[in-house]
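Please take the sequence and the model together, and follow the account below from one strand pairing outwards to the whole chain.

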Amino acid sequence: MSFKKFALVASVFALAACGGSSESAPAEETAAAPAVETAPAAAPAAVTGTTHEIKMIGDEKGYRFEPANLTVKAGDAVKYVFVSGGPHNVAFEGTTLSADVKKQLDANFSAKMAELSSNMMLNAGESVTVSFAGIPAGKYPFNCTPHLAMNMKGVITVE
Ligand SMILES: [Cu+2]
């Protein structure tokens, strides 16, 4: 039995043993929480280069990022700007990234709703900026979650 499972079972027993005193339950959950997050969160890396712009568009031609493919230098940032046809967001694919890179890229979002996933934008003019400072050379595929099935995707290449 894994420790996690044991801890869960143990706390269920503890709850039962309390005989319905609901006050002890939240305290135990709070105490157990830090054990899950062992690694410290990465600090956002400051942009030292150029901030590029990618438009998020939905119109009669379809849903797309413009440009969809962009090459940036280490230290640059990309500002994704809502132009039309939302809602749009920017979500990077984390499956091919190492844990360290994933953590840094996640920390480099100006606004997020989930890991590697920006806030949802609803109105023209809204934007999210993703810094590529502290991110190693490589290809970083991203997409718009609501329009993934409509092929609203792109790739940032860091030189
Ligand atoms: Cu979209």
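In this predicted model, a convenient place to begin is Ile54, which stands opposite Tyr80 in strand S4. That pair belongs to a longer register, for S1 and S4 (residues 77-82) pair in the parallel sense over six bridges, and within the same two strands Glu53 has Lys79 of S4 as its bridge partner.

S1, which spans residues 51-59, also pairs with S2 (residues 62-66), here in an antiparallel arrangement joined by five bridges. Met56 stands opposite Phe65 of S2, while Asp59 has Gly62 of S2 as its bridge partner. The two strands form a hairpin, with two residues between them. Strands of a sheet pair through backbone hydrogen bonds, and they may do so in either the parallel or the antiparallel sense.

Taken together, these pairings belong to an open sheet of four strands in the order S2-S1-S4-S8, in which the pairing is mixed. At its edges lie S2 and S8, each of which pairs on one side only. Neighbouring strands of the sheet are turned by 15° against each other on average, if direction is ignored. As a general point for reading such a sheet, the side chains of a regular strand alternate between its two faces.

From the sheet one can pass to the nonpolar interior. The largest nonpolar core has 25 residues, and those with the most contacts inside it are Val78 and Val90. S1, S2, S4, S5 (91-92), S8 (127-131) and S9 (138-143) each supply at least two residues of this core, and S4 gives the most, with four residues. The surroundings of Val78 can be listed in detail: leaving aside residues up to four places away in sequence, Val78 touches His52, Ile54, Leu70, Val72, Thr129, Val130 and Ile156. Ile54, with which this account began, is thus one of the residues that Val78 touches. In soluble globular proteins, nonpolar side chains tend to be buried together.

A second residue worth following is Leu105, which lies in helix H3 (residues 99-107). Is Leu105 buried or exposed? Leu105 has 23 other C-beta atoms within 10 Å, and because the cut-off for a buried residue is 20 or more, Leu105 counts as buried. Not counting residues up to four places away in sequence, the residues that Leu105 touches are Phe92, Leu97, Leu116 and Ile135. Of these, Ile135 is 30 residues from Leu105 in sequence, yet the C-alpha atoms of the two are 6.8 Å apart in space.

Over the whole protein, the secondary structure comes to three helices and ten strands, and from the N terminus on the elements run α-α-β-β-β-β-β-α-β-β-β-β-β. Among contacts between residues at least 6 apart in sequence, 69% join residues at least 24 apart. Buried residues make up 25% of the 159 residues.

Finally, the confidence of the prediction should be kept in view. The protein averages a pLDDT of 84, and 75% of the residues score at least 70. Over residues 1-35, however, pLDDT stays under 50, and for this stretch the model has six contacts beyond four places in sequence. Where pLDDT is low, the predicted coordinates should not be read in detail.

Technical notes
Residues numbered from 1 in each chain as written. Predicted model: local features only at pLDDT ≥ 70, side-chain atom pairs only at ≥ 80, totals over all residues. Pairing = 2+ DSSP bridges. Buried ≥ 20, exposed ≤ 12 C-beta atoms within 10 Å, placed from the backbone. Contact = placed C-beta atoms within 7 Å. Core = buried A, V, L, I, M, F, W, Y, C linked by C-beta atoms within 7 Å. Axes fitted to C-alpha atoms, helices over the stretch in contact; angles between N-to-C directions. pLDDT = per-residue confidence, 0-100.
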